[in-house]
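Me: I am new to this structure and would like to go through it step by step. Could we begin with the strands and then turn to the pockets?

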Amino acid sequence: MITLSERLKQYKIQGITCRPVVSGKLIRVIGLTLEAKGCQAPIGSLCEIETINGTMEVEVVGFSENSLYLMANEQITGVFPGAKITPLKRELSIPVGTEILGRVINSMGNPLDNLGPIHITEHAAFSAKPINPLIRKPITEPLDVGIKAINGLLTIGKGQRIGLFAGSGVGKSITLGMMTKGTIAKIIVVGLIGERGREVKEFIQEILDKEKYKYSVIIAAPADTAPLMRIKGAQSALTISEYYRDKGFDVLLLIDSLTRFAQAQREIALSIGEPPTTKGYPPSVFTKLSSLIERAGNINTQGSITAFFTVLTEGDDLQDPIADAARAILDGHIVLSREIADSGHYPAIDIEKSISRVMPNITTKEHMLMSRKIKKVLSICRQNQDLLSIGAYKPGIDPIVDNAFSLKPKIDHYLQQDTQESVPYEMCITMLENILK
């Protein structure tokens, strides 16, 4: 007698679907969520729903007893009570390959740049299995990003995941663009997630280096796209980066912004009834956040993914839940200061509040010593600036303070950089040596 498990195994080998596709009907729409009854489909699968304009694809995001909760990849229009919903056998995937280099695509891999269709046969899943920590390769080499303040004082390693923390309008996108000009990474993947739509074209035409554009992939999911598309935009960027890493390339991944990714997940979670916990963010937001970030980095292959995730600090609050959670997972953070930006100092990197956790492992002792001396000088100047301004401190009282203020103009000049300028890593080190002579 054949058992049920053996029969199911036979069906699987023969490619037979054990459960036939059964259509259901739409019974409720609340906000972004559609509720259906009468059909069965796993979470993450696609369904097709009838509308007055034809059909629309929706994705299963949850269930409760006999009901399925679904969300659309586009604006919900034309749906009506009792509309037919049919599960689809097609799986969600993103196209990967050399054909997408130099192209601008949406979250599903469809071209947005009017350069014709992308003829590609290789696809990969949006999500990935967690990486075994024992196959991660240590970060041992510095990555040149062409920015003096980062190369010299916050050195980044190949395979590092680092956050770019800033409020709105402080220069996050411009700083990312400067990195694309100066990086030695062979492939650049940019995910513009949940930002203003006009910034997509500006980033491509004005910020991204024209020569590097040929070896770049831009994934655009602006603020007016559905939450699912914003989630998939970030996941697509990681999937494409993983493809090139596994091919042996050093990849520079730029996600702008991680905060919009988290907000999209919050919209989805709250819509299907998940309770809010930390300042309105449900627990699934922090799970998704860590899963996304952990996909970047090194594994036991020749390639690497060095990732920069921008984090929007609302009201310049570095203790915002998303900023705090991201800082705990990332391998370092670079803080852009509004106060420094208001003084006309660009890039507005606050060296004292920023850190690269892998810098001691990828730089020489002499380099680390110079970096610490510069940070100490900046700290002394900040602590005594008010006393100097009101005349409470007179030169000659403390030689350490005098020396710090004498070095401050040279350090400020070093930390400032034109957006079109790119300084090689070795030159950055030499310039530090000249300052401290």
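Me: How many bridges join strand S1 to strand S6?

Reply: In this predicted model, strand S1 (residues 24-30) and strand S6 (residues 84-87) are joined by two bridges. The two strands run antiparallel.

Me: And which residue is the bridge partner of glycine 24 in S6?

Reply: Glycine 24 has isoleucine 85 as its bridge partner there.

Me: What do the six strands form, and in what order?

Reply: They make a closed barrel with antiparallel pairing, in the order S1-S2-S5-S4-S3-S6. On average, neighbouring strands of this sheet are turned by 45 degrees against each other, with direction ignored.

Me: Now the pockets. What is the volume of the largest pocket?

Reply: Its volume is about 1200 Å³. It is lined by 45 residues, and those closest to its centre are Pro42, Ile43, Gly44, Ser45 and Glu59. Strand S4 (54-64) and the helices H6 (227-246), H7 (258-271) and H8 (283-294) each give two or more residues to this lining.

Me: Which domains does that lining draw on?

Reply: At least three residues come from each of domain 1 (17-87) and domain 2 (93-360). By class, the lining of the largest pocket holds 25 nonpolar, eight polar and 12 charged residues.

Me: How much space lies in the second largest pocket?

Reply: The second largest pocket holds about 750 Å³. Among its 26 lining residues, Ser337, Glu339, Ile340, Asp350 and Glu352 are the closest to its centre.

Me: Which element gives the largest share of that lining?

Reply: Helix H12 does, with four residues. The lining of the second largest pocket also draws at least three residues from each of domain 2 (93-360) and domain 3 (367-436).

Notes
Residues are numbered from 1 along each chain as its sequence is written. This is a predicted model: local features need pLDDT of at least 70, side-chain atom pairs count only at pLDDT 80 or more; totals for chains, interfaces and linings use all residues. Side-chain values use heavy atoms; hydrogens and water are left out. Two strands pair if DSSP finds at least two bridges between them. Axes are lines fitted to C-alpha atoms, for helices over the stretch in contact, and angles run from 0 to 180 degrees between N-to-C directions. On a 1 Å grid over the protein atoms alone, a cavity is a set of points where a 1.4 Å probe fits but cannot get out, and a pocket is an open set with protein on both sides within 12 Å along at least five of seven lines; lining residues have an atom within 4 Å of a point. Grid points are joined across faces, edges and corners, and a volume is the space filled by probe spheres set on the points. Ala, Val, Leu, Ile, Met, Phe, Trp, Tyr, Cys and Pro count as nonpolar, Asp, Glu, Lys and Arg as charged, and the others, Gly among them, as polar. Domain bounds come from an automatic or database domain assignment.
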